[in-house]
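Visitor: I am new to this structure and would like to know the reasons behind the words used for it. Could you take me through a few of them?

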Amino acid sequence: MKKNIIYISLLGFCLAFNNQIKAQDYINKTVKNKNGNISLITFRSGTVKKAMVSDQLFKDFLSLSPDTELRLEKSEVKNKFTDEKYTQYYKNIPVEYGIYNLHYKNGNLTSMNGEVFSTDNIITTSPKISAIDAFSLAVKSVGAQKYMWEDENYVANNSYKKPKGELVLLPVQNGENSYNLTLAYKFDIYAAEPISRAIIYVDALEGRILASDALLKHTGEHYAKKNEKIVINPKNSTSGFPQIVSGTAETRYSGTKTIETKSTGDGYILLDETRGGGIHTFNLRRANSLSAAIEFKDNDNNWTGSEYDNTNYDNAALDAHWGVEKTYDYFKDTFNRNSYDNNGALIKSYVHFQYNYENAGWTGNEMIYGDGANLFSPLTGFDITAHELGHAVCQHTAALAYERESGALNEGFSDIWASIVEHKYAPEKQPFLIGEDITKITPGYLRSMSEPKTGYTAQPDTYHGTYWKAATVAEGCTQPDQLSNDYCGVHTNSGVLNHWFYILVMGKTGTNDLGKNYNVTGIGWDKAEQIVYRLESTYLTSTSDYKNTRDLAIQVAQDLYGEGTPEAIAVQDAFFAVGIGYKYLATPDTTPPSIPLNLNATNVKGTSLQLNWDPSTDNEDMLGYIVYKDGVEIGRPTANTFKVTGLSKLTTYNFTLKAVDIFNNISNESIPLSVATTDFAEYCQSKSNNASSERIQRVIFADIDNASTETVGYEDFTNVQTEVVKGQTYQISITPEWRATSYSEGYAVFIDWNSDGDFDDAGEIAFTKTATKDSPVIGNITVPSAAVLDEPLAMRISMKFNGIPSACETIPYGQVEDYRLIVKEHLAVNESGKSKNVIYPNPTKGKVTVKSDSNVKNMEVYSTSGQMIISTGKSEIDLSSRPSGVYLLKVNYANGTSSSEKIIKK
């Protein structure tokens, strides 16, 4: 077996460069992401020259639609590497997070990676609301008292301006691993009071807030206290004095250091113009308006403790100034990076931000540092300044979206840079502890990279291990939010990347939370930092997650040091140690997984069914399964479930399975399963992209009284059914549920009366209601006399924001539910007798009592199919052992008449 670090699969199509050649002639391997898209392709050495690459490359490999293109945004050359970054466009509109990177070494294409999004489900590229209206909605969603564009002094001295809005296509999640592109306006909303900054996306068709990507990143979760508003007159005193000199600073946390300052003629200020566009440290004096800042000034450039170690903690500013200088030096000296944007940007720090502010942050333009209170001392420790400037570097490289796993990676890289910079310039400190200088409470540091579970913020050291916070919808984090869930765990789940870096540098032997034993030999700081920088600056994209980062990190190590080298092996094994991927094996594994057991079928329909089985085990790690139908392979799922489609009604099929491990070892075949499909049709799919803010709460129709339980876009209630009689009219009641705001909703009920597998025939749109805020919505449905009798018929109920839904559409906001009903010629028991009875309780969870004003001979209980299940002469009927549903009670009187009633069992 060939030894590989990443699982190899060859593409079965041709790439059209200047001539046609077969894929296997130049492709080394491909890797797919969780969405099924190609996230990484590597090429055989020397097979693809840079001059051969054209636009056709993307079309061939990524299956781009005719109106989709990838435009070159940036190209960087460093030593033997050239890296190009491309952005996805559809009909000249940029696709957010649609990025693909090309990597060359010595003029040869070595790999390409990134994420592009399908354009198949784009509704329109023409907005229905104006940018001005969308801007108002974005501002309203933030709800600040003041915004930075209203601060004339700040706008005059910074690049930030009032946002006009950019039209983009935003990937909106419509399932755990799938997205639709939605037309949106993009606004950079920078609020001054209270401070916040985020990219706000507003639906250009319906005016909804689609997403918020925080630009203001913090050192910790949300430790900031409510600020006191302090008004300070703004001052400017930095122009016209060119003299740059070195001063001596007795810092609060790092001892006496040399800093660069600027002479103003009557003293010295914390302005260093020797590095890039400058490093400038301001005194905000606990105000909450950045334009209120003044200079720190010293008369002799000897910034002593007797002057600045005061009740205002002014010596904390010396740490900020020196810390930023050294962080700048690190990136410049190590990677020739000129400031965070690699274009010499001025780096501003604002010390004494607000009152009792227990945090520090990168705002997208500058850094802010609070003085702390109960939890922290002033937050200008050396590793904190490096951490915040690390966020700035990320913003201008990988631009990792600040939520879920990508946000955890964003935080993790900042901690990594903090540890590297501290190790290089302050080796007397503890580089694998974050915040040890500033943390007042136990255990005396904020986070630990060597032992993530021990910090004040307890973090996981294993992917999905102890302390892992929900990061996906499936895990339980529906909507990222700063206060309620820390954007789905960004400051907590970053511990996995932190620990990976610690293991990569230092090495470690142990057992992770998944029970996997590991033994990693570290590669030291110098090599590890090279891998991390290339990974973040040239490979990662905004939507990268942990698995994607693992795959790309291995490729980066191979770029730098070669395949099968100690460095590449250490990268792979360190990820295995933290629970991601599999370890490197020098000797190929040849042991197959265990045979899959307990194969069974659920949700069997006329043309589809769901296969389920017990997971197999492997001596190393599982890759997935091979599913066979009548001896022919039909799929390779990774989970122990698989939906089979394309079947025929009333047909018997035989299914078997084999298990496959990560080294392509295949188990023996499972015990066959024989399944007969039903005569029930398979229907078109319909669902909502977002049911978190509005959904169907309750449906009442005939004997159906069903409460929804999930905030998902589609719910399958086909196990809930009722009987109706042809020609009769029944009331339908649909109750909506809103999370906070009441929206106008449209409704439709579709019933396949002729059971032909669609809702297209006359009368099958059984009920509609135009958009309304009514709750509940009530109407009537009449069963047609030509309806198919005595078999389950599909009934679909849809709710759509601001419009009447159609039967098979993907709804932006709302919910879709499927039910079943059976049409009868008449009820199963005689209902001609007039009711003379009182039944209570009804509905019931168990027993009911029947009282009558006539002489009762006996009582009979029937199922809805007409089968008698109880016959008794007593007034009490016990349904405790019976399943929930509707039952028919026939009461026989002594005079020979009878009456019938319905009993609902909960």
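Guide: Start with a sheet in this predicted model: five strands make up an open sheet, with mixed pairing, in the order S21-S17-S16-S15-S22.

Visitor: What makes strand S21 and strand S22 stand at the edges?

Guide: Strand S21 (297-298) and strand S22 (302-303) each have a single partner strand, so one side of each has no neighbour in the sheet. H5 packs on this sheet and touches S15, S16 and S22. The direction of H5 makes about 90 degrees with that of S16.

Visitor: How do you know that strand S15 and strand S16 are joined?

Guide: Two strands pair if there are at least two bridges between them. Strand S15 (residues 244-250) and strand S16 (residues 256-263) have seven bridges, so they count as paired. The two strands run antiparallel. As one example, Thr-248 has Thr-258 in S16 as its bridge partner.

Visitor: Why is Asn-79 called exposed?

Guide: Exposed means a relative accessible area over 50%. Asn-79 has 73%, so the word exposed applies. Asn-79 is in the loop between strand S5 (68-78) and strand S6 (81-90). Its phi is positive, about 55 degrees, although Asn-79 is not a glycine.

Visitor: Why is Tyr-313 counted as partly exposed?

Guide: Buried is under 20% and exposed is over 50%, with partly exposed in between. The relative accessibility of Tyr-313 is 28%, so Tyr-313 falls in between. Tyr-313 lies in the loop between helix H4 (305-308) and helix H5 (316-335). Its phi is also positive, near 60 degrees, and Tyr-313 is a residue other than glycine.

Visitor: Which peptide bond joins Thr-442 and Pro-443?

Guide: A cis peptide bond, with omega about 10 degrees. Pro-443 is in the loop between strand S26 (433-434) and strand S27 (447-448). The bond from Ser-775 to Pro-776 is cis too, with omega near 0 degrees. Pro-776 has its place in the loop between strand S43 (765-772) and strand S44 (777-782).

Visitor: How many cavities of 30 Å³ or more does the structure hold?

Guide: Three. The largest cavity has about 100 Å³ of space. Among the residues that line the largest cavity are Lys-74, Asp-83, Thr-397 and Leu-540. S5, S6 and helix H10 (525-539) are the elements that give two or more residues to that lining.

Visitor: What classes of residue does the lining of the largest cavity have?

Guide: Five charged, four polar and three nonpolar residues. Lys-74 is in the lining, and Lys counts as charged, so Lys-74 belongs to the charged class.

Note on methods:
Residues are numbered from 1 along each chain as its sequence is written. This is a predicted model: local features need pLDDT of at least 70, side-chain atom pairs count only at pLDDT 80 or more; totals for chains, interfaces and linings use all residues. Side-chain values use heavy atoms; hydrogens and water are left out. Helices (H or I, at least four residues) and strands (E, at least two) are DSSP runs, numbered from the N terminus. Buried means under 20% relative accessible area, exposed over 50%, partly exposed in between (1.4 Å probe, protein chains only). Contact means heavy atoms within 4.5 Å. Axes are lines fitted to C-alpha atoms, for helices over the stretch in contact, and angles run from 0 to 180 degrees between N-to-C directions. On a 1 Å grid over the protein atoms alone, a cavity is a set of points where a 1.4 Å probe fits but cannot get out, and a pocket is an open set with protein on both sides within 12 Å along at least five of seven lines; lining residues have an atom within 4 Å of a point. Grid points are joined across faces, edges and corners, and a volume is the space filled by probe spheres set on the points.
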